[in-house]
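Student: I would like to learn how to read strands, turns and empty space in a model. Can you take me through one?

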Amino acid sequence: MAEISPKEFRQIATRIEAEVGKYIVGQQGAVRHTLICLIAGGHALLEGVPGLGKTMLVRTLARVLDLEFARIQFTPDLMPADIVGTDILEEAEDGRREFRFQPGPVFTNLLLADEINRATPKTQSALLEAMQERTVTVANRSYPLDPPFLVLATQNPIEMEGTYPLPEAQVDRFLFKVNVAYPSTGELVEILSRTTGEEEPAVEVVADGAAVLGMGALARQVPVASPVADYAARLTMATHPEAEGAPDVVRQYVRYGASPRGAQALILGGKVTALLAGRYNVALEDLRAIAPAALRHRILLNFEGQAEGVSADDVVQQVLKSAANLAKVS
């Protein structure tokens, strides 16, 4: 782990975003939120229609950071052993037979789980231990995953045939859910220019795994004032319909609110956001900036909310609007 100063932190982050921007046109918000997850040591769920560069974003990030990269294409026939690995029976030179563990693609730094909702819940659950404990257990033996370890999963929000919704327990393990938006006309023209020519953009290596770990260690040292921590807790509680002070839209349309991991995501993401802004303290504006990404996938709407076409983002925005009355400081 490398020791990183706040100035170096910002310089490295700026260079990472610049290099990724050579391949990814626009999508500054998606790139920033993915970078925050990487530094904070969390996982990201990228949602968007096909062709928006979700897979390319992950590949480019791995190249810029010189991280070991693995990709898993999730399909209905994928098995848990295809992800975590399995014990295979081998015959030694002396004729004895013994089991040897063959690691799966999860043993990497940056794991792309492409179209994760196409696999069955049994297969999806193979990532649960790896995402939370950073270990893999096979045949009663646990194997640690080398840091940094980050799961970046993609899913298509418009194609429901042949898909399996992610279990809430797994969705909650993603630090952020990042919505990848469709490009503007100008951005689409730039995409055509970069991708239909003779040469592809070349990216340079900016940092390595040790630098990423050092940036994460620095981020965790950023102090959080009591009023800011209180604001994060109140913001999270405001997504629960039974909580005191919950907005009317939450009471009417929300079935379950965000878990304590939502508050943790707000604080960790806020610390990284503060450093990216050149500050060594977390402000309320940092929490507001990342609140949609940290909370949208942790809010479960009831039937009425789904029938009325209310989205989790609508709920988060209403919670943020009422947050002025929840905060003890401005």
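Tutor: We will go feature by feature, with the general idea before the case. Keep in mind that this is a predicted model.

Student: Let us begin with a strand. How many of the residues in strand S5 are buried?

Tutor: Strand S5 spans residues 110-114, and five of its five residues are buried.

Student: Which residues of S5 point one way, and which the other way?

Tutor: Start from the general idea. In a regular strand, side chains alternate between the two faces of the sheet. Now the case here. Leu110, Leu112 and Asp114 point one way from S5. Leu111 and Ala113 point the other way. Both sets are buried, Asp114 included.

Student: Which strand is joined to S5 by five bridges?

Tutor: Strand S2, residues 69-73, and the two run parallel. For a register mark, take Ala70, which stands opposite Leu111 in S5.

Student: How many bridges pair S5 with strand S8?

Tutor: Four, again in the parallel sense, and S8 covers residues 150-155. Here Leu110 of S5 stands opposite Leu150 in S8.

Student: Now a hairpin. Do strands S6 and S7 pair in the parallel or the antiparallel sense?

Tutor: Antiparallel, over four bridges. S6 is residues 135-138 and S7 is residues 141-144. Thr135 has Pro144 in S7 as its bridge partner. Two residues lie between the strands of this hairpin. One to look at in the turn is Ala139, with a positive phi of about 55°.

Student: Where else is phi positive in a residue other than glycine?

Tutor: Asp66 is one case, with phi near 55°. Asp66 sits in the loop between helix H3 (54-64) and S2. Glu115 is another, with phi near 50°. Its place is the loop between S5 and helix H5 (121-124).

Student: Is Asp66 buried or exposed?

Tutor: Exposed, because its relative accessible area is 53%, and the cut-off for exposed is over 50%. Glu115 has 25% relative accessibility, so it counts as partly exposed.

Student: Which residues does a cis peptide bond join?

Tutor: Pro147 and Pro148. Read omega: it is about -5° for this bond. Pro148 lies in the loop between S7 and S8.

Student: On to empty space. What is the volume of the largest pocket?

Tutor: The general idea comes first. Rolling a probe the size of a water molecule over the atoms shows where empty space is left. In this model, the largest pocket has a volume of about 760 Å³. Its lining has 26 residues, and the closest to its centre are Glu47, Gln155, Glu168, Lys177 and Ile299.

Student: Which elements each supply at least two residues of that lining?

Tutor: Strands S1 (44-47), S9 (176-179) and S11 (300-301) do, and so do helices H7 (168-171) and H15 (312-321).

Student: How many cavities of 30 Å³ or more does the structure hold?

Tutor: Two. The largest cavity has about 40 Å³ of space. Its lining is Ile24, Gln27, Ala30, Leu52, Gly53, Lys54, Leu57 and Val180.

Student: Last, the surface. Which residues make the nonpolar patch of about 320 Å²?

Tutor: Tyr182, Leu188 and Leu192 make that patch. Leu192 is found in helix H8, residues 185-195. Why can Leu192 count towards a patch? Leu192 is partly exposed, with a relative accessible area of 46%, and patch residues need over 30%.

Notes: Residues numbered from 1 in each chain as written. Predicted model: local features only at pLDDT ≥ 70, side-chain atom pairs only at ≥ 80, totals over all residues. Heavy atoms only, no water. Patch = residues over 30% accessible without salt bridge, like charges linked within 9 Å, V, L, I, M, F, W, Y side chains within 5 Å. Areas by Shrake-Rupley, 256 points an atom, 1.4 Å probe, with all protein chains shown as cover. Salt bridge = Lys/Arg side-chain N within 4 Å of Asp/Glu carboxyl O. Buried < 20%, exposed > 50% of the residue type's maximum accessible area, 1.4 Å probe, protein only. Pairing = 2+ DSSP bridges. 1 Å grid on protein atoms, 1.4 Å probe; cavity = no way out; pocket = protein on both sides within 12 Å on 5 of 7 lines; lining within 4 Å. Points joined across faces, edges and corners; volume = space filled by probe spheres on them.
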